[in-house]
Amino acid sequence: MPDQDHSTITDIVVSPHFDDGALSLASVLRAGRSVLLVTVCGGTPTEGDDEWDRLCGFESGPAAAVGRAAEDRAAAALAGNRVTHLPVPDSPYRADFPSETVVGALAPLFRPGVRVWAPVGIGDHPDHVGTRDAVLTAAAGTGCQLTFYADCPYAFGSGWDATDRERPPADRWEPQLAALAHLVDVTSPRITRLDDSTMRLKIAMLRCHASQLAGLSVDHPHFMAWEGPLRQEVFWPASVPIPSLEPTLGSSA
């Protein structure tokens with residue numbers, strides 16, 4: 001992690017991939033807030049390629065990581081956000097999610113007075129679920145405030161008003177929200193409808209992530225429409241800070 005002064009940051013958005021923040025919570029990233037956007041899977045693999053990256057126009061995994069990091073910096077600049085990219089490659093280019101590495105990078109950033117925004121894990125993508133669980137661990141005992149956001153486009157893929165039965169199994173909300181039921185009121189999400197200025201920012205930020213639009217449009221052909229699903233964002237604030245973790249047997253107090 002770069003050695004930066006984050007003492008003035010009020011909001012930390014933890015994004016599994018480069019575009020997840022812009023897709024899911026432009027209402028938080030908008031100008032006027034002191035936001036640090038942390039991309040967890042922001043590392044460059046040493047080699048290989050992947051079907052998604054090829055669909056998005058990249059010849060290799062390393063080329064995709066470099067190109068997407070540049071897109072993310074351009075998008076963040078539109079909203080005046082700071083960015084940090086953790087050295088974790090995307091899931092096709094590694095084995096297990098490196099929870100210990102991610103927790104170690106995030107925990108020093110979390111403190112009282114900071115609002116941390118983390119994915120629910122809708123879509124059951126290992127990078128999203130891993131990011132959520134790493135945030136929960138990193139936040140323990142820090143006094144930061146947590147809010148969880150609906151992971152787009154998985155959350156709106158069948159329509160915002162769809163029931164879980166109508167959604168594909170991986171995109172169902174209830175299994176992921178169940179992991180947070182001890183922290184949030186899963187039945188009372190906070191629904192935000194973007195005003196025109198924030199919607200313009202959101203579309204502009206996503207256009208910076210131009211490589212991803214081709215891939216996303218395959219399953220969501222009209223998602224960039226002015227009155228389309230991007231107008232809505234959904235959140236679940238945690239009711240209390242996460243207490244310190246209990247020491248495990250044999251650990252030092």
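**Exercise 1. In which sense do β1 and β2 pair, and over how many bridges?**

Before the solution, note that this is a predicted model, in which local features need pLDDT of at least 70 and side-chain atom pairs count only at pLDDT 80 or more, while totals for chains, interfaces and linings use all residues. Residues are numbered from 1 along each chain as its sequence is written, and side-chain values use heavy atoms, with hydrogens and water left out.

Solution. Strands here are DSSP runs of E with at least two residues, and helices are runs of H or I with at least four, both numbered from the N terminus; two strands pair if DSSP finds at least two bridges between them. By that criterion β1 and β2 pair in the parallel sense over five bridges, and D11 stands opposite V35 in β2. Turning to β3, four bridges join this strand to β2, and the two run parallel, with T39 standing opposite H85 in β3.

**Exercise 2. Place these strands in the sheet, and find its edges.**

Solution. Seven strands form an open sheet in the order β3-β2-β1-β4-β5-β7-β6, and the pairing is mixed. The edge strands are β3 (82-85) and β6 (190-193), each of which pairs on one side only. An antiparallel case is the pair of β5 and β7 (residues 232-237), joined by three bridges, where Y149 stands opposite F235 in β7.

**Exercise 3. Explain why β2 (residues 35-39) is described as largely enclosed.**

Solution. Buried means under 20% relative accessible area, exposed means over 50%, and partly exposed lies in between, with a 1.4 Å probe and protein chains only. Five of the five residues of β2 are buried, so the strand is largely enclosed by the rest of the structure. In a regular strand the side chains alternate between the two faces of the sheet. In β2, V35, L37 and T39 lie on one side and L36 and V38 on the other, and all are buried.

**Exercise 4. Check the length of helix α6 (residues 126-139), and describe its surroundings.**

Solution. The expected span of a helix is 1.5 Å times one less than its number of residues. For the 14 residues of α6 this should give 20 Å, and the end C-alpha atoms are 20 Å apart, which agrees. The helix is mostly covered, since eleven of its 14 residues are buried, including H128, V135 and L136. What covers these buried residues includes β1 (11-15), α1 (20-24), α5 (99-106), β4 (115-119), β5 (145-149) and α7 (174-178). Just after α6, G141 takes a positive phi of about 80°.

Terms used. Contact means heavy atoms within 4.5 Å.
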